[in-house]
Amino acid sequence: MRGAWIGLALVAMLSGSAVAAPLKIRNGSTVRVALQGKRETGVGLRNARGGWRLELVAATTDVADVVDVTDGANSARWTVDVADGALFLDEERFIAGHAYRVSLRHGTELLGSTLVYLYAPSVSARHKVTFEENDGAAGGGDIAILKKPTL
């Protein structure tokens, strides 16, 4: 009986060390992302200057493992360097509208993990379209109006 309790305590300690604490992020907004039928809290990032910048509270020079966890995606995996306390996700490798699991590590030690959702870039220039009454004539001809036939 005593051996079972020691074994149970050992399993609890080992499983507790495998779970990473959530990363503390300076920028971004809180989002709920649906993954495999379940909703999970994450961080939403806006696009700026060719990519997404994830600013970490703890300024480190470690590396991050980034995995695409979007439903239907191929679970692509990258290792990205952390520079000046931030992680830059460029538009060439990462896709707007996808969710990524970011795990920060120092050597083989896992420091933390969080879910990151990348918002699509905003439209920088919006245009208002107006139609004038005589625009159809300038295009090369009038549009023929036909009456609906009776049944």
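**Exercise 1. In what order do the 6 strands of the open sheet lie, and how is the pairing described?**

Before starting, note that this is a predicted model in which local features need pLDDT of at least 70 and side-chain atom pairs count only at pLDDT 80 or more, while totals for chains, interfaces and linings use all residues. Residues are numbered from 1 along each chain as its sequence is written, and side-chain values use heavy atoms, with hydrogens and water left out.

Solution. Strands are DSSP runs of E of at least two residues, numbered from the N terminus, and two of them pair if DSSP finds at least two bridges between them. Under these rules the order is β1-β2-β8-β7-β4-β5, and the pairing is mixed. The edge strands, each pairing on one side only, are β1 (29-35) and β5 (77-81). Inside the sheet, β2 (residues 38-45) and β8 (residues 109-118) run parallel and are joined by 3 bridges; Leu 45 has Leu 118 of β8 as its bridge partner.

**Exercise 2. Determine whether Thr 114 and His 106 are buried, partly exposed or exposed, and list their contacts.**

Solution. The classes rest on relative accessible area: under 20% is buried, over 50% exposed, and partly exposed lies in between (1.4 Å probe, protein chains only). Thr 114, found in strand β8, has a value of 10% and is therefore buried. Taking contact as heavy atoms within 4.5 Å, and not counting residues up to four places away in sequence, Thr 114 touches Leu 23, Ile 25, Val 43, Tyr 100, Arg 101 and Val 102.

His 106 lies in strand β7 (residues 99-106) and, at 48%, is partly exposed. With neighbours within four places in sequence left aside, His 106 is in contact with Asp 62 and Leu 111. The side chains of His 106 and Asp 62 also make a polar contact at 2.5 Å, a term that requires a pair of N or O atoms within 3.5 Å, one able to donate a hydrogen and the other to accept it.

**Exercise 3. Classify the ring pair of Phe 94 and Tyr 100.**

Solution. Rings of Phe, Tyr and Trp (its six-membered ring) pair if their centres lie within 6.5 Å, with planes under 30 degrees apart counted as stacked, over 60 as edge-to-face and the rest as tilted. The count by this rule is 4 aromatic pairs. For Phe 94 and Tyr 100 the centres are 5.3 Å apart and the planes stand at 85 degrees, so the pair is edge-to-face. Both residues, Phe 94 and Tyr 100, are buried, and ring pairs link them with Trp 78 into a cluster.

Conventions: Helix = DSSP H or I, 4+ residues; strand = E, 2+ residues; numbered from the N terminus.
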